[in-house]
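Here is a short briefing to read alongside the model. Take a look at the structure first, and then we can go through it together.

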Number of protein chains: 2
Amino acid sequence: MSAPTARAVYPEHLREQVEAYLADLRFAEEPAAQGLEEAMRYSLLAGGKRIRPVLALATAKALGKDPSSILPLAAALELIHTYSLIHDDLPAMDDDDLRRGRPTCHVKFGEDVAILAGDGLYAEAFKLVLHAQPGDPANLLKAVCELASATGVNGMVGGQYIDVQALVPQGAATLRRLHELKTGRLIGASVECVLLLMEGSDEGSRLPQFRHFAAELGVLFQIVDDILDVTGTDDALGKPRGSDERHGKVTYVTQYGLDGAREMAAESHRNARAALAQAAPGGAAELEQITDFIATRTS
Amino acid sequence: MSAPTARAVYPEHLREQVEAYLADLRFAEEPAAQGLEEAMRYSLLAGGKRIRPVLALATAKALGKDPSSILPLAAALELIHTYSLIHDDLPAMDDDDLRRGRPTCHVKFGEDVAILAGDGLYAEAFKLVLHAQPGDPANLLKAVCELASATGVNGMVGGQYIDVQALVPQGAATLRRLHELKTGRLIGASVECVLLLMEGSDEGSRLPQFRHFAAELGVLFQIVDDILDVTGTDDALGKPRGSDERHGKVTYVTQYGLDGAREMAAESHRNARAALAQAAPGGAAELEQITDFIATRTS
């Protein structure tokens with residue numbers, strides 16, 4: 001992993017596009033459901049790096065396309081990520097009171113509203129892509145199918161299940177698999193969906209190369225996440241440090257120690273950059289920046 | 001409403017097709033996520049009339065198509081309905097312990113697993129349609145968009161929000177609207193999605209006529225639901241009667257009295273049959289049966 005002093009440049013111009021698009025989104029037509037929209041927007045607009053949608057825009061750029069042409073798909077990724085955070089934070093799950101320095105959705109609006117805000121964000125994510133994302137219908141179907149797949153039982157939800165059930169036996173393979181499902185699949189889908197939308201999956205598509213990069217990026221993201229839970233500051237994380245340890249979770253750090261995890265992160269960082277160089281031989285400045293950012297982030 | 005003695009015939013042959021298809025569904029590829037699949041299938045395979053998928057198959061038949069050609073879409077409707085029941089039953093929502101005579105999902109598997117089982121069913125519903133439902137890609141996109149729309153903030157989730165917030169002021173219009181969102185939109189979508197898939201929404205499609213029928217059917221369903229919560233037996237309902245009253249809910253019965261609600265159901269039944277006659281002038285035996293069944297059901 002790069003030294004923490006060598007902080008990576010983040011493609012802020014893409015983040016700003018995402019942020020503006022998200023801020024403009026409205027969901028509830030019914031006046032009586034405005035309170036639900038309020039809870040959804042409270043969590044959606046809590047800031048953050050918007051890694052998933054920025055990754056999607058950067059992928060479009062690497063393919064030589066206009067990033068703004070996939071803003072609905074990119075925004076949907078953030079809606080889905082927000083939904084997963086709201087449900088993960090619930091008392092019955094990780095029971096976290098703070099998220100990005102603010103009370104979590106259920107603390108602020110009640111548990112019932114938080115469950116529904118998550119449910120609503122997930123539904124509106126699909127509606128947004130299906131309603132507002134231009135593209136070839138057959139390719140769009142493939143992209144949305146990947147979105148559902150990456151967030152279902154063999155993706156995000158399945159990973160969260162394994163996590164809360166603490167069914168993780170010792171061993172690198174299973175640990176890696178848990179995080180591939182819980183976090184990696186959606187990080188990966190942020191790249192893959194754009195490929196599917198813009199190039200389909202037929203011969204000539206660069207999907208396999210980008211898929212390799214995306215998978216490695218998901219792993220890198222999770223290793224760094226585990227390291228930050230131990231080394232980060234409460235302020236930077238926006239939540240109390242050491243949450244994993246308190247929940248008795250098996251992480252890359254509990255498994256390999258801090259130094260071991262750092263070595264794995266460095267290796268994963270190199271692998272991701274190598275995979276990216278193969279996927280985009282002509283260079284992909286923003287994707288390189290995001291990769292370096294994920295490796296060196298402090299929150 | 002027809003006299004309770006004149007019980008309607010239900011298109012059991014369609015229900016059996018749905019049941020067999022649902023029983024064959026598997027979700028988890030990962031061994032460690034099998035417990036999540038178990039919870040999903042526990043709730044999914046708890047029986048019931050399968051009104052939404054049967055409605056979808058009957059609509060296909062009314063359009064002169066092979067009902068079995070839309071089984072993935074039909075099954076997705078039941079996955080979504082099951083997800084909504086699991087989340088509605090949670091302690092933070094309606095806090096119900098019994099459903100169809102069995103412990104609810106969170107009583108049997110724990111609250112965390114129940115939340116994830118609902119989330120998982122919703123994701124897998126989208127994946128099922130997008131992955132397995134044949135059809136013209138542009139029409140399929142429209143159908144899935146309606147599915148997301150009918151179950152989002154301006155549909156099922158929004159209706160449930162208004163319901164748990166008890167934001168219902170007095171008045172027929174708002175009461176009707178709440179139930180249109182919470183229950184009616186998905187009942188309606190069971191008809192509309194099939195039209196969108198098979199005929200699109202262009203000129204010449206019978207979508208408007210069927211949409212009118214579907215909306216009225218949703219209203220009829222809810223009025224009868226409210227009546228049954230007062231007049232049904234615990235055994236037939238599979239849960240304690242009077243749940244609405246205990247939760248202080250405004251229903252058609254609290255609003256108009258039992259006789260008033262029965263008159264409204266009778267009128268809604270007539271309207272639905274009239275709308276169906278306009279949509280399918282050549283007759284639609286199974287849709288007529290389902291309409292009569294919904295009007296006269298006892299559970």
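The points below cover the symmetry of the chains, the aromatic rings and the charges over rings.

This is a predicted model, in which local features need pLDDT of at least 70 and side-chain atom pairs count only at pLDDT 80 or more, while totals for chains, interfaces and linings use all residues. Residues are numbered from 1 along each chain as its sequence is written, chains are lettered from A in the order in which they are written, and side-chain values use heavy atoms, leaving out hydrogens and water.

**Symmetry**
- A turn of 180° with a shift of 0.0 Å along the axis lays chain A on chain B with an RMSD of 0.0 Å (least squares on the C-alpha atoms of residues with pLDDT of at least 70 in both copies).
- That is the relation of a two-fold axis.
- In chain A, Pro137(A) has the C-alpha nearest the axis, 2.8 Å from it.
- Both copies use the same surface, since 100% of the contact residues of chain A recur in chain B (contact means heavy atoms within 4.5 Å).

**Aromatic rings**
- Over all chains, the whole structure holds 12 aromatic pairs (rings of Phe, Tyr and Trp, the last by its six-membered ring, with centres within 6.5 Å).
- Phe126(A) and Phe126(B) are stacked because their ring centres are 4.1 Å apart and their planes at 15° (stacked means planes under 30 degrees apart).
- Phe126(A) and Phe126(B) are both buried (under 20% relative accessible area, 1.4 Å probe, protein chains only).
- One aromatic cluster is formed by Tyr83(A), Tyr122(A), Phe126(A), Tyr83(B), Tyr122(B) and Phe126(B).

**Charges over rings**
- Arg102(A) sits over the face of Tyr42(A), 4.0 Å from the ring centre (for Arg, CZ within 6 Å of the ring centre and within 35 degrees of the ring normal).
- Over the face of Phe221(B) lies Arg52(B), at 5.4 Å from the ring centre.

Definitions and conventions: Rings of Phe, Tyr and Trp (its six-membered ring) pair if their centres lie within 6.5 Å; planes under 30 degrees apart count as stacked, over 60 as edge-to-face and the rest as tilted. Buried means under 20% relative accessible area, exposed over 50%, partly exposed in between (1.4 Å probe, protein chains only).
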